[in-house]
Amino acid sequence: MTVLGQILLSALFQGSLYAMMAVGLALVWTTIGVFNFCHGVLMTLGAYLAWQFVDPEALGLPMFVALPLALLVVAAIGFALQALLIRPFIGRGDVVLVAVITTLAASSILKNGTLLVWGPRPKSIPPLAPDTIALGASNVSAHQLAIIAITPVVLGLVWLFLNRTRVGLALRAVAQNEDACQLVGMNVTALYALAFGLAAALAALAGIFFGGFKFMSPDMGTEPLTKALVVVIFGGIANITGPILAAYIIGLFEAVSIYYVGFYWTPALLFAVLIVVLMVRPEGLFARSSRGLA
Amino acid sequence: MPLLTVESASKSFGALRAVDGVSFSVEPGELFGIAGPNGSGKSTLFNLISGIPFGPDSGRILFAGEDLAGRKGHQIARLGLVRTFQRETAFDTLSVFDNALMGATYGGKGPVPEERSAEALAFVGFAPADFDRKAAELSVYDRKRLMLASALALSPRLLLLDEPASGLTKPEIEALIALIRRIAATGATILLIEHVLTVLLALSQRLMVLNEGSLLVLDRPDVVVRDPRVIRAYLGDRRHVA
């Protein structure tokens, strides 16, 4: 494979992972208006629960049962976290700050809980596709290609859900005006819980992607959360299409930078670009000035 | 039996008593106006009735004989007590049709929300060609009409309109008066807050004036506007001015 091909493949792979994480984060922000610092640990839980369900040392369920089950359990955890950490503070003027504290605290508790339950020994889950595929002279992991192919499908389904279904339209509506939603009879609390649950499931899917090619650890969600924050700020936090585009742009930027500049300088360069973008467009590269989920 | 009964409703914010023991009732099919100077508690009273964003500290609000205490805003809307806000509350990124569809789906009654949405939009004067336009593209008056259509899509039994004429030009206000008359002619019960007195005088069968959170006068509009207490509340007392 040519250098350009390798860079593009790496960009698409990293961009897919970043997009999967960032969309969930943006979904919670656009609907509820808070940053969810649990998002990284929800990814970790997705990976560990998938391991629990699929690994022969644990429950040993087939992949096609284990992975959806892990997504459902993490979505339920997301529901519960929203009820415990966010809902009691909705309507308070300082809800954004309070949610930072409550979600950070829960993240720490859940991370240590993961360590207690599953121990410190690194684990991995089977890749979505086990083989390698020959692309030109190089062999490429089929798992990585599967992630590149699955991510746009999943994000497309999320887009269709938000734009073509009644519940999706209601989520877009609640992102714009909570009072107006109540005026027309919408149960805003239920919509918030749905948004949090859906975001948690997307984080869990990212965890399953990660767990198929890297060793898992209780801390595995920290760096992807940081990257997802960069992506949503870069792309514009007020909608979900901006972060998707930004995820792939940042994936490409990192792939180019790692090849030509080096691995260690890439994060510094990325943050320099982020600062410049925010100086020119404080609302993000693709954002409108108001929240809108479209 | 009155459709709406408000009994000694009160609401305080710290030391400020925004609504102070207000009692009145609205009969089915009535167009009931509420006036008062800025800060007199009109919109707060609507908040207490609709439960959005809060209910009363004390007192009772009965809708069709049912006590609304403990009900959330969306539950009250689903009962058929529907409110519009003074500020524009259309969902900007949704189409005109989807705005009305939200009301028909979540708050309305009946099997085909799409039909009720289309009917409500047609009733307020939107042509089918407008249905796919984004709400953000609409003019102020069209957004007001869209808010009314979204409310009508819930098939309301009581419609609370909070200063619908604010920000409109004179011809638009005349068109709005005609539209509210048409809504009332369908048998809907309407509670109308308005700063523009000509609108209240043109539409109201009874008019209530609030001042400093309390009920000042409740009577026929022509009687209310001549009441010295109302004149004093709006224009001040000469002795104080001097």
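Trainee: In what order do the strands of the open four-stranded sheet of chain B run?
Mentor: This is a predicted model, in which local features need pLDDT of at least 70, side-chain atom pairs count only at pLDDT 80 or more, and totals for chains, interfaces and linings use all residues. Residues are numbered from 1 along each chain as its sequence is written, chains are lettered from A and ligands numbered from 1 in the order written, and side-chain values use heavy atoms, leaving out hydrogens and water. The pairing in this sheet is antiparallel (two strands pair when DSSP finds at least two bridges between them; strands are DSSP E runs of at least two residues, helices H or I runs of at least four, numbered from the N terminus), and the order is E2-E1-E4-E5.

Trainee: Which strands sit at the edges of that sheet?
Mentor: Look for strands that pair on one side only. In chain B these are strand E2 (16–26) and strand E5 (66–67).

Trainee: How many bridges join E1(B) to E2(B)?
Mentor: Strand E1 covers residues 4–13 of chain B. One of its residues, B:Leu4, has B:Val26 in E2(B) as bridge partner. Between E1(B) and E2(B) the antiparallel pairing runs over this many bridges: seven.

Trainee: Let's go to the interface. How much area do chain B and chain A bury between them?
Mentor: Chain B brings 28 residues to the contact and chain A brings 19 (contact: heavy atoms within 4.5 Å). Carbon and sulfur atoms carry 60% of the buried area (accessible area, 1.4 Å probe, lost on putting the two parts together and summed over both). The total is about 2,000 Å².

Trainee: Which residues form the salt bridge across that interface?
Mentor: The rule (a side-chain nitrogen of Lys or Arg within 4 Å of a carboxyl oxygen of Asp or Glu) finds one salt bridge between chain B and chain A. Its closest N and O atoms are 2.1 Å apart, and the partners are B:Glu114 and A:Arg166.

Trainee: And which helix gives the most residues to the lining of the largest pocket?
Mentor: This pocket (an open set of points on a 1 Å grid over the protein atoms alone, with protein on both sides within 12 Å along at least five of seven lines; lining residues have an atom within 4 Å of a point) is lined by 23 residues, with A:Gln14, A:Tyr18, A:Lys214, A:Glu223 and A:Lys227 nearest its centre. Helices H1 (3–32), H9 (222–235), H10 (241–260) and H11 (266–280) of chain A each give two or more residues to the lining. With five residues, the one that gives the most is H9(A).

Note on methods:
1 Å grid on protein atoms, 1.4 Å probe; cavity = no way out; pocket = protein on both sides within 12 Å on 5 of 7 lines; lining within 4 Å.
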